[in-house]
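Me: Could you walk me through how some helices pack in this model?

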Amino acid sequence: MTTPCEILTITLKPAVDYATSTERVTAGPKLYCSAPRIDPGGGGVNVARAILKLGGRAKAFVAVGGSMGDLLLELLAKEGVPVVASRITGETGYSLAVMDEEAQKQYRFSLPGALLHAVEGQMLLDQIAPEVPTHGIVVLSGGMAAGLADDFVQEVQKVTQRHDTRLIVDTSKTPLQHMIENPHAPVDVLRLDRSEIEKAFGRTLKSISDNLYFSEELVRRGVAKIVVAGHGAAGSCMVAGGQRFFCRAPKVPERSKVGAGDALVGSFTLSLSRGDPPEQALQWGVAAAAATVSTEGTALCEQSVTEALLGQCRLEQF
């Protein structure tokens, strides 16, 4: 069996995630909620948590500050996630997910995190560099903290290239758009959801073929070597090595979408770290995302459920 390579996740905008429910979400009256579930959150944090739940191991580099940052570190310690904490001056943010029990709909609120200064951006790069595993995988996942340069992803990429390490990126908004419009060199894997690829190209994706076409365009532009693009509840597309794939998601009861994309990235990364081909990694990712959707609140995928769903993740080549 191939020894898995080391994995480092990077979270520059972590959050403490609260999940609760109330009888009905409506404006005006005070809404009484159930006792909240509290979990550590943020893209890379959830990727590392998912990898751990699936039987792997990953170290989480996290930029944290204030009392909320202390709470996030305590929560990660309880889960046994190895952490490298980079202390910033601002306060770590939090998010809230509220389930409307009557309508069975979930409302998700994300509050802004700390504003970082330019000197802190350089500090983060300096602290990331010694943690990058040689011949390993780095996952830069989640939103970018306000104040960081638009090209911060490319700066991290330069660090990983010095270690011959693969870089997987899952970010959004301006940093994602900057990557697409100003590719420095292709990252190894770029993951984005359907709305993000629609925004990038100013087009509505009407079919899986549309999704694959624009994913392929990102590869042609030199943005990434492999592109994984969500296609809603139907599944995920992937362009890799000149091949185009779609993996259909299994049908599961939808309880919460919190962390589903992060679970996909985590499971995909773990599979790659074990030497699996990208198409097999995609199946593992889709299975973990489905397993997460079927959990309550901010809980993530369980290994047994993910393994049970794997056989239902049908891979199609286009």
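Here are a few questions on two helix pairs, asked of a predicted model.

Me: Are α1 and α8 parallel, perpendicular or oblique to each other?
Reply: Happy to start there. Helix α1 covers residues 43-53 and helix α8 covers residues 260-273, and they pack at about 55° with axes 8 Å apart. Angles of 65 to 115 degrees count as roughly perpendicular and those under 35 as roughly parallel. The angle fits neither range, so the two helices are oblique.

Me: Which residues of α8 meet α1?
Reply: Let's take the two sides in turn. On the α1 side, the residues are Gly43, Asn46, Val47, Ala50 and Ile51. Their partners in α8 are Asp262, Ala263, Val265, Gly266, Thr269 and Leu270.

Me: How many charged residues does the contact of α1 with α8 have?
Reply: Sorted by class, this contact has six nonpolar and four polar residues. The charged class adds one.

Me: What is the angle between α9 and α10?
Reply: Helix α9 spans residues 278-293, and helix α10 spans residues 303-310. Their axes are 8 Å apart, and the angle is about 125°.

Me: Is the crossing of α9 and α10 left-handed or right-handed?
Reply: First, the angle makes α9 oblique to α10. As for the hand, α9 passes α10 in a crossing that is right-handed.

Me: How many nonpolar residues are in the contact of α9 with α10?
Reply: From α9 come Gln283, Trp284, Ala287, Ala288, Ala290 and Ala291, while α10 brings Val305, Thr306, Glu307, Leu309 and Leu310. Two of these residues are polar and one is charged. The nonpolar residues number eight.

Conventions:
Residues are numbered from 1 along each chain as its sequence is written. This is a predicted model: local features need pLDDT of at least 70, side-chain atom pairs count only at pLDDT 80 or more; totals for chains, interfaces and linings use all residues. Side-chain values use heavy atoms; hydrogens and water are left out. Axes are lines fitted to C-alpha atoms, for helices over the stretch in contact, and angles run from 0 to 180 degrees between N-to-C directions. Helices (H or I, at least four residues) and strands (E, at least two) are DSSP runs, numbered from the N terminus. Angles under 35 degrees count as roughly parallel, over 145 as roughly antiparallel, 65 to 115 as roughly perpendicular and the rest as oblique. A crossing is left-handed if the near helix is turned anticlockwise from the far one by less than a right angle, and right-handed if clockwise. Contact means heavy atoms within 4.5 Å. Ala, Val, Leu, Ile, Met, Phe, Trp, Tyr, Cys and Pro count as nonpolar, Asp, Glu, Lys and Arg as charged, and the others, Gly among them, as polar.
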